[in-house]
Amino acid sequence: MTKKQEVTELLIDIFDRINIDTPSNFDEILEFVYEDVCTSAHETDWSDSDVAIAFRRFIQSKTTI
């Protein structure tokens, strides 16, 4: 399984845990999260927490205050 496939599965797990349908902009979210994990997390020792942090960063990047 590739890193992107793993990130995809973990991201879908997040949606399942918070009980929401897969968003229509899933591809955009996945690309952001994958790139964030690749640049921010350890190259080989990353985890579901890194995906959750990246998803939070995606949400924050779309939030205007």
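These legends accompany several close-up views of a predicted model. Residues are numbered from 1 along each chain as its sequence is written, and side-chain values use heavy atoms, with hydrogens and water left out. Because the model is predicted, local features need pLDDT of at least 70 and side-chain atom pairs count only at pLDDT 80 or more, while totals for chains, interfaces and linings use all residues.

**View 1. A salt bridge joins Lys-4 and Glu-31.**
A search of the whole structure finds three salt bridges, each being a side-chain nitrogen of Lys or Arg within 4 Å of a carboxyl oxygen of Asp or Glu. Side chains of opposite charge can pair when their charged atoms come close. For Lys-4 and Glu-31, the closest N and O atoms are 2.7 Å apart. Lys-4 sits in helix α1 and Glu-31 in helix α2 (residues 26-40), so the pair ties together parts that are 27 residues apart in sequence. The helices named here are DSSP runs (H or I, at least four residues), numbered from the N terminus. Lys-4 is partly exposed at 30% relative accessibility, and Glu-31 is partly exposed too, with a relative accessible area of 35%. For these labels, buried means under 20% relative accessible area, exposed means over 50%, and partly exposed lies in between (1.4 Å probe, protein chains only).

**View 2. Glu-28 meets Lys-62 in a salt bridge.**
Here the N to O distance is 3.0 Å. Glu-28 belongs to helix α2 and Lys-62 to helix α3 (residues 48-62), so this salt bridge ties together parts that are 34 residues apart in sequence. With a relative accessible area of 39%, Glu-28 is partly exposed.

**View 3. Arg-57 and Asp-36 form a salt bridge.**
The closest N and O atoms of Arg-57 and Asp-36 are 2.8 Å apart. Arg-57 is in helix α3 and Asp-36 in helix α2, and the pair links distant parts of the chain, 21 residues apart. Have a look at how the two partners are covered: Arg-57 is partly exposed, with a relative accessible area of 33%, whereas Asp-36 is buried at 13%.

**View 4. Phe-15, Phe-26 and Phe-55 form one aromatic cluster.**
Rings of Phe, Tyr and Trp (its six-membered ring) pair if their centres lie within 6.5 Å; planes under 30 degrees apart count as stacked, over 60 as edge-to-face and the rest as tilted. By this rule the count comes to three aromatic pairs. One of them is Phe-15 with Phe-26, an edge-to-face pair at 6.0 Å centre to centre with 70 degrees between the planes. This pair links distant parts of the chain, with Phe-15 in helix α1 and Phe-26 in helix α2, 11 residues apart. Phe-15 is buried, with a relative accessible area of 0%, and Phe-26 counts as buried at 12%. The rings of Phe-15 and Phe-55 have their centres 5.5 Å apart and their planes at 80 degrees, so that pair is edge-to-face. Since Phe-15 lies in helix α1 and Phe-55 in helix α3, the pair ties together parts that are 40 residues apart in sequence. Both Phe-15 and Phe-55 are buried.

**View 5. Negative charge gathers in a surface patch.**
The residues to pick out are Glu-6, Glu-9, Asp-13, Asp-16 and Asp-48. A patch is made of residues with over 30% relative accessible area and no salt bridge; like charges are joined within 9 Å, and nonpolar side chains (Val, Leu, Ile, Met, Phe, Trp, Tyr) within 5 Å. Helix α1 (residues 3-17) contributes the largest share of the negative patch, four residues. Glu-9 is in helix α1 and counts as partly exposed at 43% relative accessibility.

**View 6. Val-33 and Val-7 are 7.8 Å apart in space, C-alpha to C-alpha.**
Along the sequence, Val-33 and Val-7 are 26 residues apart. Val-33 lies in helix α2 and counts as buried, at 0% relative accessibility.

**View 7. Asn-19 has a positive phi although it is not a glycine.**
The phi of Asn-19 is about 60 degrees. Most residues other than glycine have a negative phi. You will find Asn-19 in the loop between α1 and α2, where the residue is exposed, with a relative accessible area of 69%.

Note on methods: Accessible areas come from the Shrake-Rupley method with a 1.4 Å probe; for residues, only the protein chains shown count as cover. Lys and Arg count as positive and Asp and Glu as negative; His and the chain ends are not counted. The place of a charge is taken as NZ of Lys, CZ of Arg, CG of Asp or CD of Glu. Helices (H or I, at least four residues) and strands (E, at least two) are DSSP runs, numbered from the N terminus.
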